[in-house]
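Q: Could you take me through one part of this protein slowly, and then show how it sits within the rest of the chain? I would enjoy a close look at a single residue, with some others brought in beside it.

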Amino acid sequence: MKKTQKFAWIMGMLVSALLSQPSIALAAEKGSSENIGATLPLGFCLPFAGMLLCIAVCPLLAERWWEKKKPYVVAFWSIAFILPFAFYAGFGEAAEQVLEVIFGDYITFIVLLFGLFCVAGNICLEGDLVGTPKLNALLLLIGTFLSSWIGTTGASMVMIRPLLRANKWRHRKVQVVVFFIFLVSNIGGCLTPVGDPPLLMGFTNGIDFFWSMKLLPILLLNVVLLLGLFFVLDTRAYRKDIADGAKKPDVSENKAPLRLTGAHNIIFLVMIVGAVILSGVLPKEVPFFAKHLHIYGGVEMEVSAIFEVVVILIAALLSFKTTKKEIREKNNFTWDAIQEVAILFIGIFITMIPALLILKSKGSALGVEEPWQFFWITGCLSSFLDNTPTYLVFFTTAASLGFTEGVKTALGYIDEIVLMAISCGAVFMGAVTYIGNAPNFMVRSIAEENGIKMPSFFSYLFWSISCLVPVFLIDMLLFFI
């Protein structure tokens, strides 16, 4: 049995055990009438901390063991939260919370990543690209602005492989992938609701689709600062590579023209992006899509979400059926990256339940009122928690502050600068850690498949603090104070 099948079996057995408890109906009823987050001890967040610690430390101390036992570690920390929580809040409440995160968040999350991963893997940019600092900066720039229109995941999966091929001859190329994660996998997704899920949540809560274009000046500033820093670092690395004897490919003669093979997959990419947009639009326009499929207790899955999942899976299937295997081979396509994300993030989603319950309950009591405060608290929490629920917590908090003018939302008015601060914090600071945004992990995995030794969890954190925090401080001083 493959490790993903074993993992699915373990998690399935656990949820089945919870659902089979005789006290389930009473417990579920009790949980629905009490605000558990208000009284939940912080100790329930320890499995989440343990999960993060394993992700950070295990690859350093026991890499082979971690690769083999990763599903069991994820299952262990999930169970370490679920069972104590079940005895504390009731088996029904525990089952409801786990099912809510699975059907309400994880399924649509992983299906979207899976669809984009499959379709992008069938698109290959061929030609003589030589990884010089100028070309690398240009590819990062293209990918950054592409992120807002096909999503950070879509842009990351489309652009990372051409970038890696262009730099295959280089010895020092870690900085190329790190800044790719900063810009393409995160910061570039701030201009439309398609770019990053938090902004999509804002769109479904009444914010105009093109409102986030107002973040363009902030994006441009960050792109200039980060690309400038990248160019300096990559130029230094490039010169060292040349000095060490790295042989730059000679493409002066018989230069192969750039061409896109598997270009028909752009249609399936549009299908996926369209499904994401329609899942937010259809419930407002067509009553059928506003209905819910009852799962258990208070857990429901929207028909619009089911529609989104079905369309994405169809697009992925058609992409594979209509694309030659040779294109995937040119892309060095494997399932490892999406498999790693699927396993790790189900554990992250489950173990972060108590942190989100506490945050939802006490978020309004944190005394956050100023734009710069919203920027940093939303961003810092989004670096370690899922940025979508974190965005919603502070979106709701801002709407409760009693603004009488600003951006009109379904929850009330929010001061425009406050909303900009929440949006930028959620989108930008996902770049601070590998777990801040799913594309970060996928890009890292693809880079390692192509022979690049990526920074560890803590080393990457050092990169992000050194490069990103000064930029975010400038953002705060210029836009949020």
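A: Let's settle one cut-off before anything else: a residue is called buried when its relative accessible area is under 20%, exposed when that value is over 50%, and partly exposed in between. Please also keep in mind that this is a predicted model.

With that cut-off in hand, Ile 295 is a friendly place to try it out. Its relative accessible area is 26%, so Ile 295 counts as partly exposed. Ile 295 belongs to strand β3, which covers residues 292-296. Setting aside residues up to four places away in sequence, Ile 295 touches Phe 103, Glu 300 and Met 301. Phe 103 deserves a second glance: 192 residues separate Phe 103 from Ile 295 in sequence, yet their C-alpha atoms are 8.4 Å apart in space.

Now for the close look itself, which I would give to Asn 186. You will find Asn 186 in the loop between α8 (174-183) and α9 (197-204). The relative accessible area of Asn 186 is 0%, so this residue is buried. What does the side chain of Asn 186 reach at 3.3 Å? The partner there is the backbone nitrogen of Ala 431. The Asn 186 side chain also makes a polar contact of 2.9 Å with the side chain of Asn 440. Ala 431 and Asn 440 both appear again among the residues that Asn 186 touches, once those up to four places away in sequence are left out. The others in that set are Thr 152, Ile 181, Val 427, Phe 428, Gly 430 and Asn 437.

Another asparagine makes a good companion. Asn 167 sits in the loop between α7 (133-166) and α8. With a relative accessible area of 2%, Asn 167 is buried, because the cut-off for that word is under 20%. Beyond its neighbours within four places in sequence, Asn 167 is in contact with Gly 131, Asn 136, Lys 173 and Val 176.

Asn 332 gives us a third asparagine in a loop, this one between α13 (325-330) and α14 (336-351). Asn 332 is partly exposed, with a relative accessible area of 43%. Its backbone is worth a look too: Asn 332 has a positive phi of about 55°, although it is not a glycine.

From the loops we can step over to the helices. Ser 423 lies in helix α18, residues 416-428, and is buried with a relative accessible area of 0%. Leaving out residues up to four places away in sequence, Ser 423 touches Leu 199, Trp 211, Leu 215 and Tyr 391. Leu 215 is 208 residues from Ser 423 along the chain, while the C-alpha atoms of the two are separated by 8.7 Å.

Ala 399 is in helix α17, which spans residues 387-399. At 14% relative accessibility, Ala 399 falls in the buried class. Not counting residues up to four places away in sequence, Ala 399 touches Leu 411, Tyr 413 and Ile 414. Between the C-alpha atoms of Ala 399 and Cys 45 there are 27 Å, with these positions 354 residues apart along the chain.

Pro 59 takes us to helix α4, residues 46-61. Here the relative accessible area is 25%, so Pro 59 is partly exposed. Apart from neighbours within four places in sequence, Pro 59 is in contact with Cys 54 and Trp 66. The C-alpha atoms of Pro 59 and Leu 191 are separated by 35 Å, and the two residues are 132 apart along the chain.

Finally, let's step back to the chain that holds these residues. Its secondary structure comes to 20 helices and six strands. The radius of gyration is 22 Å, close to the 23 Å that the globule rule gives for 481 residues, so the chain is as compact as a globular protein of that length. Along the principal axes, the C-alpha atoms fill a box of roughly 75 × 55 × 45 Å. Buried residues account for 56% of the 481 residues. Of the contacts between residues at least 6 apart in sequence, 82% join residues at least 24 apart. The chain exposes about 20500 Å², with carbon and sulfur atoms supplying 66% of it. As for charge, there are 35 positive and 34 negative side chains, and the centres of the two sets lie 12 Å apart.

Notes. Residues are numbered from 1 along each chain as its sequence is written. This is a predicted model: local features need pLDDT of at least 70, side-chain atom pairs count only at pLDDT 80 or more; totals for chains, interfaces and linings use all residues. Side-chain values use heavy atoms; hydrogens and water are left out. Helices (H or I, at least four residues) and strands (E, at least two) are DSSP runs, numbered from the N terminus. The radius of gyration is taken over C-alpha atoms; the globule rule is 2.2 Å times the number of residues to the power 0.38. Buried means under 20% relative accessible area, exposed over 50%, partly exposed in between (1.4 Å probe, protein chains only). Contact means heavy atoms within 4.5 Å. Accessible areas come from the Shrake-Rupley method with a 1.4 Å probe; for residues, only the protein chains shown count as cover. Lys and Arg count as positive and Asp and Glu as negative; His and the chain ends are not counted. The place of a charge is taken as NZ of Lys, CZ of Arg, CG of Asp or CD of Glu. A polar contact is a pair of N or O atoms within 3.5 Å; within protein, one must be able to donate a hydrogen and the other to accept it, and residues adjacent in sequence count only if both atoms are side-chain atoms.
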